[in-house]
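Colleague: I should be grateful for a close look at a single part of this model, namely one place where two helices meet. Please define each term as you use it.

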2 protein chains.
Amino acid sequence: MRALVFLCLLMPALAVQAQELSNWRDSASRSAIVEFVEAVSREDSPDFVPAAERIAVFDNDGTLWAEQPAYFQLFFALDRVRAMSAEHPDWRTRQPFKAAIEGDLEAVAATGLEGVLQLVTASHSGMSSEQFSEQAAAWLSQARHPQSGRLYTQMVYQPMLELLGYLRASGFTVFIVSGGGAEFVRAFSEPVYGIPRNQVVGSTIEMKYDDSAEQPFVERLPAIAFVNDKAGKPVGIQRHIGRRPIAAFGNSDGDFEMLAWTTAGAGRRLGVLLHHTDAEREWAYDRDSHIGKLSRGLDEGAARGWVIVDMKKDWKAVFPE
Amino acid sequence: MRALVFLCLLMPALAVQAQELSNWRDSASRSAIVEFVEAVSREDSPDFVPAAERIAVFDNDGTLWAEQPAYFQLFFALDRVRAMSAEHPDWRTRQPFKAAIEGDLEAVAATGLEGVLQLVTASHSGMSSEQFSEQAAAWLSQARHPQSGRLYTQMVYQPMLELLGYLRASGFTVFIVSGGGAEFVRAFSEPVYGIPRNQVVGSTIEMKYDDSAEQPFVERLPAIAFVNDKAGKPVGIQRHIGRRPIAAFGNSDGDFEMLAWTTAGAGRRLGVLLHHTDAEREWAYDRDSHIGKLSRGLDEGAARGWVIVDMKKDWKAVFPE
């Protein structure tokens, strides 16, 4: 009840916000997004979509926050491995742990996906889900990006925060659909994006209910259960949200299937890809990047009617002040 | 925006509804529920819980709607098998399909869990997620309970509908956490309970994204992916909701772990079990029932501080008029 009163007090503020995508330049991208939102949310529109079906999904890495020079969750895993290494003396001579402890990103990369998964499962398991959330939140509150020196949660995109607010003010329910770990993203989704934990879909590791001790808990196990990337994203969405979104936002070929499935549905649909074109304010990368590779999306996106946002041209600011 | 305006117009109505659990008799059960809700939702209360953490979870079969003489989803599976049997002539002589086609519930039961799972996977797979939703919704709109002759969606418990409304009006986010199939429950959760599809956690079958045809779709595969029952419920909740609920409602030992985990958390907690005691208006069953068995909950519930609702004594009406 109180939450509702609070929401109602906020209404005039939200109504203003809906008009304001203030860090979006007046561009074809901005117009396409606004036209879509108005078409599906105005009751007198021929393309009107009932609120329950007004679902928008957002990739996280490279779409809501930055992802260079490596996924931020990998930095978390490396810091956790370092913190845990005192209890694992063998790690100091064994890859990929040796590289992680020495903070040698290139050597970590040389161990390939297999090595990275080993680091992630070792550092993300063996505790309760609540303990993991606390570890992730504690790390996010003080760890800093190696190049910008900012907190990682300050490496979010200001225009995308405005877009999230605009969609919510237009009656959308907004979900994150990330290749990253669901519980890692949940550690900051509420305070940073205003997205409730239960509206985060992500990769998961196996879990087990343990009631053998005095206090029952859900334990995180060292095995990947589901990879929410590429063809996994539509499956993760169907499993979690239970309906096809009408709008999808991504930045890499890992989001291709999510956009293809979303925009193939009946009625008006929106697919948006961020193109990282701003080497000065952020990073410029696409076809040849080791992370967030965008190639098929550039080749086929326009023909599929997707909006390709040019981050350098379309955005006034990239990060919050 | 419009949804918010609509909510705000509804506010006086909701405020009244919060006072009204009109089909709950003035009982110890009702008092315990109301005291808990007020303690966690009043900002001046020492037990106040912020809205984001005010999560309540409800089992479905036997807690929100009836489950006798068999889970309603099984009746759906049997009707689907019958409808599909023309394309599967071999089913007419092969168990468990023969029993299903003949509508012989006892013979189906004799094939055990293995047989039932065969019927469910065969009838719930081989189509897109959207086609399945349509089939389930179409069935629910006309199939009738074998004893009451009512639509299955009229076999919901009126006092529980009131409780859902009361919790929502008190700022709770309400989830269904069912041993039944998530997509089956989603086919009626919004219109019947006012619970959005994405707030349904349930058992799942494997799914696969298929973009080999002209229109991409998510295909349902004939294999069980996750059984959201017993020790699976806390795992399903953590995976989907991402935090431990503060209130849990169930009716059988399949809900025991969900209630134990929920009520073991810090701060004020609520665990509620419905005891089916009303052979006249509904059914009376507990320790020896083939469905919805309630035994450990009766033995340990009171000592754990759980509320045991006596449906015969505590409820004025069972089903909606």
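Modeller: What follows concerns one helix pair in chain B and the aromatic rings associated with it.

The model is predicted, so local features need pLDDT of at least 70 and side-chain atom pairs count only at pLDDT 80 or more, while totals for chains, interfaces and linings use all residues. Residues are numbered from 1 along each chain as its sequence is written, chains are lettered from A and ligands numbered from 1 in the order in which they are written, and side-chain values use heavy atoms, with hydrogens and water left out.

The two elements are helix H3 (residues 72-84) of chain B and helix H7 (residues 129-140) of chain B. Helices are DSSP runs of H or I with at least four residues, strands are runs of E with at least two, and both are numbered from the N terminus. The axes of H3(B) and H7(B) come within 11 Å and cross at roughly 105°. Axes are lines fitted to C-alpha atoms, for helices over the stretch in contact, and angles run from 0 to 180 degrees between N-to-C directions. The crossing makes H3(B) roughly perpendicular to H7(B); angles of 65 to 115 degrees count as such, under 35 as roughly parallel, over 145 as roughly antiparallel and the rest as oblique.

On the H3(B) side, B:Phe72, B:Phe75, B:Phe76, B:Asp79 and B:Arg80 take part, and they meet B:Phe132, B:Gln135, B:Ala136 and B:Trp139 of H7(B). Contact means heavy atoms within 4.5 Å. The residues of this contact divide into six nonpolar, one polar and two charged. Here Ala, Val, Leu, Ile, Met, Phe, Trp, Tyr, Cys and Pro count as nonpolar, Asp, Glu, Lys and Arg as charged, and the others, Gly among them, as polar.

Aromatic pairs number 36 over all chains. Rings of Phe, Tyr and Trp (its six-membered ring) pair if their centres lie within 6.5 Å; planes under 30 degrees apart count as stacked, over 60 as edge-to-face and the rest as tilted. B:Phe76 and B:Phe132 form an edge-to-face pair, with 5.9 Å centre to centre and 75° between the planes. Because B:Phe76 lies in helix H3 of chain B and B:Phe132 in helix H7 of chain B, this pair ties together parts that are 56 residues apart in sequence. Both B:Phe76 and B:Phe132 are buried, where buried means under 20% relative accessible area, exposed over 50% and partly exposed in between (1.4 Å probe, protein chains only).
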